[in-house]
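Reader: Could you walk me through one part of this model in detail? I would like to see how the sheet and its surroundings fit together.

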Amino acid sequence: MSIDLHSLFQGLPIIQMTGDSKTTITSLSIDSRRVASGSLFFALGGLRTDGNKYIDEAVHHGAVAIVSESPLWVPPRVALIQVESIRDVLAEVSRRFYGNPQRSLDLYGVTGTNGKTTVSTLLKHFLEEPGAPVGLLGTVAYVIGGRTLPSYRTTPEAPDIYGLLAQMRNAGCHAGVMEVSSHGIDQHRVQQLPFKTVAFTNLTQDHLDYHKTMESYFEVKSRIFTGATGLLPESVVINVDDEYGRRLLGMIPAGVRVITYGIEKDADFRATQVVMRQEGTRFNLQLKNGTSLQVESPMLGHYNVSNVLCAMALAAASGQTPSSMLEKLRRFPGVPGRTERVSVGQPFTVLVDYAHTDDALRNVLSMLRNITPGRILTVYGCGGNRDRSKRPKMTRAAMAGSDLIWATADNPRGESLDVIFQDMHAGVSDPARIAFIQDRRQAISTAINAARPGDTLLIAGKGHETYQEFADSVVPFDDRAIARELLLQKLNQRMS
């Protein structure tokens with residue numbers, strides 16, 4: 001794939017361009033380490049570094065043109081494009097470079113603090129038909145036709161978004177589903193994306209290291225619904241059980257179709273008579289037109305009832321009937337790392353879940369209390385170099401919903417575990433029920449050894465992740481694989 005600079009930047013607001021506008025571009029890059037011969041390098045500014053510092057490295061690796069907001073010197077053989085807003089230009093240049101793949105796909109966006117992955121994966125399941133694949137960009141994976149790639153970011157940067165959308169188009173996908181993070185919105189990664197429908201799941205405390213306040217966090221999330229990202233969606237789906245969802249309702253511009261869902265509040269898609277069971281959930285779906293349908297879901301928990309409602313409302317906005325989704329829902333295989341069972345025949349339940357906010361942890365523990373005959377055991381941690389105010393709240397949620405708790409490492413990154421544990425300690429209400437163990441494997445092992453028949457052990461925080469991040473390394477670590485290995489060890493010890 002190649003295109004000349006003039007075609008990429010024609011009509012865009014440029015402060016100045018030096019060098020040959022006929023220079024051929026063969027790839028786009030925002031990472032100097034990924035630059036190849038013929039690359040156009042965007043020197044993005046960031047929270048931790050400045051892309052302008054890496055221009056020499058990019059040129060050394062073969063960059064033939066540089067985009068920056070600063071008036072820089074570059075070698076005469078390299079073109080320089082100075083712009084006012086590099087992120088706005090990045091999105092538009094990415095669209096042009098990949099041939100506007102968004103025009104060939106119906107795009108659906110899901111945003112909110114919790115539930116994005118489950119809703120988007122279930123929506124893909126609803127929309128897909130034999131011979132008509134649906135793409136998915138999200139926290140767990142990027143799915144393109146018959147290919148699945150590991151995800152490195154919930155909402156990728158613009159060049160990757162459009163590159164992946166182009167692959168979806170080329171693979172015959174008729175639609176694409178995206179998890180849309182607040183970072184992705186704020187950093188203009190989804191600017192001018194023509195979403196057919198976007199959904200709001202909820203808003204609880206998260207990412208305040210970035211947004212600083214809940215009001216700022218909400219303002220960023222709201223942009224994708226109000227046209228502040230450049231285009232209005234055709235339809236929006238909003239959770240009216242959530243206070244921020246109810247606020248968002250009053251912000252939707254005229255002409256946009258609004259579909260609401262909820263359990264506690266009256267809505268277009270409402271769940272009533274919810275029955276929780278160990279094997280799944282049953283509820284009545286009440287539609288605004290008076291129709292009532294019996295729904296059988298393989299997923300656990302009240303919050304997953306809300307997720308099912310959201311996915312059904314999104315699919316209905318695409319033209320599907322709720323009744324046509326019922327059998328598909330029964331066959332839904334679930335989402336990796338979302339209340340995922342780990343079983344080798346042990347007489348107690350082990351679940352791995354991505355719950356990494358106090359609200360998510362409180363919800364999953366409340367659900368487990370209703371379906372567990374024995375005790376609730378919890379292993380959890382808090383990430384390093386992230387919002388410290390979340391840590392005591394996570395501990396309070398664990399204390400409120402668990403009988404025994406093991407606090408441990410999550411992704412410490414560059415922060416001392418002693419500091420992380422000190423913050424977590426502030427939420428301890430009963431020291432006799434919680435132990436702090438730095439090694440995550442040891443914490444899981446200790447919890448498994450403490451489990452009795454009828455208990456449920458929740459290993460929370462990392463879910464689908466297959467690694468742990470430390471200051472200067474990333475090491476393999478999969479809660480599911482570790483738990484399975486330790487359970488088998490325990491089973492073999494009993495049999496020997």
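Author: **Phe 42 and the sheet around it**

Leaving aside residues up to four places away in sequence, Phe 42 touches Leu 28, Ser 29, Ile 30, Val 67, Ile 86, Val 89, Leu 90 and Val 93, where contact means heavy atoms within 4.5 Å. A word on the source: this is a predicted model, in which local features need pLDDT of at least 70 and side-chain atom pairs count only at pLDDT 80 or more, while totals for chains, interfaces and linings use all residues. Residues are numbered from 1 along each chain as its sequence is written, and side-chain values use heavy atoms, with hydrogens and water left out.

Now to the sheet. Its 5 strands form an open sheet with mixed pairing, in the order S2-S7-S6-S5-S4. Strands (E, at least two residues) and helices (H or I, at least four) are DSSP runs numbered from the N terminus, and two strands pair if DSSP finds at least two bridges between them. Strand S2 (14–18) and strand S4 (27–29) each have a single partner strand, so one side of each is left without a neighbour in the sheet. From one strand to the next, the twist averages 15°; axes are lines fitted to C-alpha atoms, for helices over the stretch in contact, and angles run from 0 to 180 degrees between N-to-C directions.

Strand S5 (residues 39–42) runs parallel to strand S6 (residues 65–68), and 3 bridges join them. Leu 40 has Ala 65 as its bridge partner in S6. Helix H3 (residues 86–97) packs on the sheet, touching S4, S5, S6 and strand S7 (79–83), and its direction makes about 155° with that of S5.

Next, the core. Phe 42, Leu 40 and Val 93 are among the residues that touch the most other members of the largest nonpolar core, which has 54 residues. Such a core is a set of buried Ala, Val, Leu, Ile, Met, Phe, Trp, Tyr and Cys residues joined through side-chain atoms within 4.5 Å. Buried means under 20% relative accessible area, exposed over 50%, and partly exposed in between (1.4 Å probe, protein chains only). Helix H5 (residues 158–170) gives the most to this core, with 7 residues.

One more stop is the loop between S4 and S5, where Ser 32 has its place. Ser 32 counts as buried because its relative accessibility is 5%. Not counting residues up to four places away in sequence, Ser 32 touches Phe 41, Tyr 54, Glu 57, Ala 58 and His 61.
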